[in-house]
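Colleague: Please take a close look at one salt bridge in this model and work outward from there. I would like the contacts between chains first, then the surroundings.

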Amino acid sequence: MSQPITVTEARALLVAYVNAIDRGELKRWPEFFTDEAVYRITTHENEERGLPLSIMLCSNRAMRFDRLESLERANVFEPHRYRHVMGDTEIVSAGPGRATLRTSFVCVRIMVDGDTTLFVSGEYRDELVRGDGGLALAARTVVLDQSRIDTLIAIPL
Amino acid sequence: MSQPITVTEARALLVAYVNAIDRGELKRWPEFFTDEAVYRITTHENEERGLPLSIMLCSNRAMRFDRLESLERANVFEPHRYRHVMGDTEIVSAGPGRATLRTSFVCVRIMVDGDTTLFVSGEYRDELVRGDGGLALAARTVVLDQSRIDTLIAIPL
Amino acid sequence: MSQPITVTEARALLVAYVNAIDRGELKRWPEFFTDEAVYRITTHENEERGLPLSIMLCSNRAMRFDRLESLERANVFEPHRYRHVMGDTEIVSAGPGRATLRTSFVCVRIMVDGDTTLFVSGEYRDELVRGDGGLALAARTVVLDQSRIDTLIAIPL
């Protein structure tokens with residue numbers, strides 16, 4: 001439980017996370033978090049100014065399931081897919097059974113008609129913990145480079 | 001010959017493959033395959049529906065050389081370059097001297113006038129084998145996120 | 001000093017370099033070079049024709065500080081950020097305390113209004129040396145895939 005977290009195993013979790021989303025296996029999304037984990041999408045500008053504004057906020061497991069359910073029900077947005085590419089994962093600090101990570105990413109969005117755009121880019125700021133079921137995200141803040149997003153972010157990043 | 005394939009050596013082959021294409025060393029393309037290897041480009045949608053449709057299909061070595069020859073002869077398309085970026089390679093399964101891999105990618109296309117577009121994205125689904133000459137692709141299916149591609153794919157991905 | 005350079009430590013330097021730029025820590029940029037290092041941005045086409053033309057050229061430490069200073073003073077360009085994604089780093093050759101590297105990259109540019117474009121792509125061609133203060137770039141040539149760049153490159157790549 002309190003073994004140090006290596007960059008290799010941390011990376012495996014982060015890769016599994018983006019692969020699950022990119023393959024449309026959205027139901028697996030809550031699996032990657034601890035029950036009480038806070039998931040947030042915010043902007044670089046908000047972070048720099050210390051503003052607690054969020055583009056998306058799920059502060060526990062129930063809210064993550066709600067988010068998935070509303071995605072299934074909703075016809076408000078045009079179906080689309082994501083394709084993430086991540087930079088190398090940096091371990092900022094680590095203690096027994098926990099680690100703080102930063103990882104650059106770029107996310108491409110593909111609409112049903114094939115229209116492909118560079119959707120967003122930014123950095124994952126993660127708290128990873130080792131629990132009974134292996135590694136999990138105890139907190140993920142997605143800090144976007146873009147200070148304004150014209151379109152709704154429906155699918156989690 | 002029947003040693004297990006490590007992710008490190010598998011990755012080296014995949015990186016050499018995209019580098020050869022991105023550097024314009026197209027003549028090296030057939031080197032990466034076994035003689036009988038099937039190379040296919042298809043779409044995520046076709047794969048999901050189980051449709052055997054291909055955007056590009058080269059089911060043996062001779063067809064790969066034909067493809068290169070027609071590229072040299074052809075003036076039908078405007079010259080362009082690719083730049084690939086790959087996500088981490090996942091070993092789906094492995095046996096003695098063989099491995100099944102999945103790797104995310106994004107491919108940028110650069111026209112002669114400098115016009116740069118996010119061309120396609122998707123996943124490489126590969127069968128790797130260890131032969132006398134080292135590792136080689138025994139099968140590569142390029143599964144595109146885009147269900148429609150407006151432009152001809154001239155250069156292999 | 002003359003120990004061989006591993007791909008892991010080389011990569012750590014290259015990742016720290018792009019992270020410093022992408023996080024807006026431009027002041028750290030000269031740190032990554034030896035005093036006499038030559039930093040150049042050129043195009044694939046120039047390189048192929050053997051033309052010594054450069055889009056940006058800083059042939060020593062003083063020129064790199066000049067470049068940063070002019071960036072701070074200048075209001076000629078609209079503020080923007082970069083986000084790099086690099087492919088795997090290839091060690092082309094290595095000797096005691098030095099290595100020649102090639103690394104693919106794609107660079108995204110994000111304007112203040114959120115406008116996100118695939119700015120440039122290409123290859124880092126690096127000479128790395130091990131000195132008293134650790135690894136440093138003794139030369140970096142940024143070879144762009146684009147033969148023409150419509151906009152000024154203000155921030156180093």
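Modeller: In this predicted model, the side chains of B:Asp88 and A:Arg11 form a salt bridge, with N and O 2.8 Å apart. B:Asp88 belongs to strand β3 (residues 80-95) of chain B and A:Arg11 to helix α1 of chain A, so the pair joins two chains. The two partners can be told apart by their cover. B:Asp88 is partly exposed, because its relative accessible area is 28%. A:Arg11 has 13% relative accessibility and therefore counts as buried, the limit for buried being under 20%. Side chains of opposite charge can pair when their charged atoms come close.

The helix that carries A:Arg11 deserves its own description. Helix α1 of chain A covers residues 7-22, which is 16 residues. At 1.5 Å a residue it should span 22 Å, and its end C-alpha atoms are 22 Å apart, so the expected and modelled values agree. A:Arg11 is one of a list of buried residues in α1(A) that also includes A:Ala10, A:Leu13, A:Leu14, A:Tyr17, A:Val18 and A:Ile21. Polar or charged names are on that list too, among them A:Asn19 and A:Asp22. An α-helix has 3.6 residues a turn, so residues three or four places apart point the same way. Just after α1(A), A:Gly24 has a positive phi of about 80 degrees.

A second salt bridge between chains links C:Glu90 and B:Arg23, at 2.9 Å from N to O. Here the pair runs from strand β3 (residues 80-95) of chain C, where C:Glu90 sits, to the loop between α1 (7-22) and β1 (33-43) of chain B, which holds B:Arg23. C:Glu90 is partly exposed, since its relative accessible area is 28%. B:Arg23 is buried, because its relative accessible area is 19% and the limit is under 20%.

A third salt bridge stays inside chain B. B:Arg125 pairs with B:Glu47, the closest N and O atoms being 3.7 Å apart. B:Arg125 is in strand β5 (residues 116-131) and B:Glu47 in helix α2 (residues 44-49), so the pair ties together parts of chain B that are 78 residues apart in sequence. B:Arg125 is partly exposed, with a relative accessible area of 29%, and B:Glu47 also counts as partly exposed, at 29% relative accessibility. Through shared partners, salt bridges connect A:Arg23, B:Arg40, B:Glu47, B:Glu90, B:Arg102, B:Glu123 and B:Arg125 in one network. Over all chains, the structure holds 46 salt bridges.

Next, the arrangement of the chains. Chain A superposes on chain B (RMSD 0.0 Å) after a rotation of 120 degrees with 0.0 Å of shift along the axis. That is the relation of a three-fold axis. The two copies use different surfaces, as 12% of the contact residues of chain A recur in chain B. Chain A can likewise be laid on chain C by a turn of 120 degrees and a shift of 0.0 Å along the axis, with an RMSD of 0.0 Å. For this pair the copies again use different surfaces, and 12% of the contact residues of chain A recur in chain C.

The remaining points concern single residues. A:Ile155 is in the segment after β6 (134-144) of chain A and counts as buried, because its relative accessibility is 6%. Leaving out residues up to four places away in sequence, A:Ile155 touches A:Ile21, A:Leu26, A:Met56, A:Leu71, A:His80 and A:Tyr82. One of these, A:Ile21, is also among the buried residues of α1(A). A:Ile155 and A:Arg81 are 74 residues apart along the chain, and their C-alpha atoms are separated by 8.6 Å.

B:Lys27 lies in the loop between α1 and β1 of chain B and counts as exposed, because its relative accessibility is 63%. Apart from neighbours within four places in sequence, B:Lys27 is in contact with B:Leu68 and B:Glu72. Between B:Lys27 and B:Ala99 there are 25 Å from C-alpha to C-alpha, for a separation of 72 residues in sequence.

Last comes a piece of the surface. A:Val38, A:Leu57 and A:Met63 make a nonpolar patch of about 210 Å². A:Leu57 is in strand β2 (residues 56-58) of chain A and is partly exposed, its relative accessible area being 42%.

Technical notes
Residues are numbered from 1 along each chain as its sequence is written. Chains are lettered from A and ligands numbered from 1 in the order in which they are written. This is a predicted model: local features need pLDDT of at least 70, side-chain atom pairs count only at pLDDT 80 or more; totals for chains, interfaces and linings use all residues. Side-chain values use heavy atoms; hydrogens and water are left out. Patches are made of residues with over 30% relative accessible area and no salt bridge: like charges are joined within 9 Å, nonpolar side chains (Val, Leu, Ile, Met, Phe, Trp, Tyr) within 5 Å. Accessible areas come from the Shrake-Rupley method with a 1.4 Å probe; for residues, only the protein chains shown count as cover. A salt bridge is a side-chain nitrogen of Lys or Arg within 4 Å of a carboxyl oxygen of Asp or Glu. Helices (H or I, at least four residues) and strands (E, at least two) are DSSP runs, numbered from the N terminus. Buried means under 20% relative accessible area, exposed over 50%, partly exposed in between (1.4 Å probe, protein chains only). Copies are superposed by least squares on the C-alpha atoms of residues with pLDDT of at least 70 in both. Contact means heavy atoms within 4.5 Å. The expected span of a helix is 1.5 Å times one less than its number of residues.
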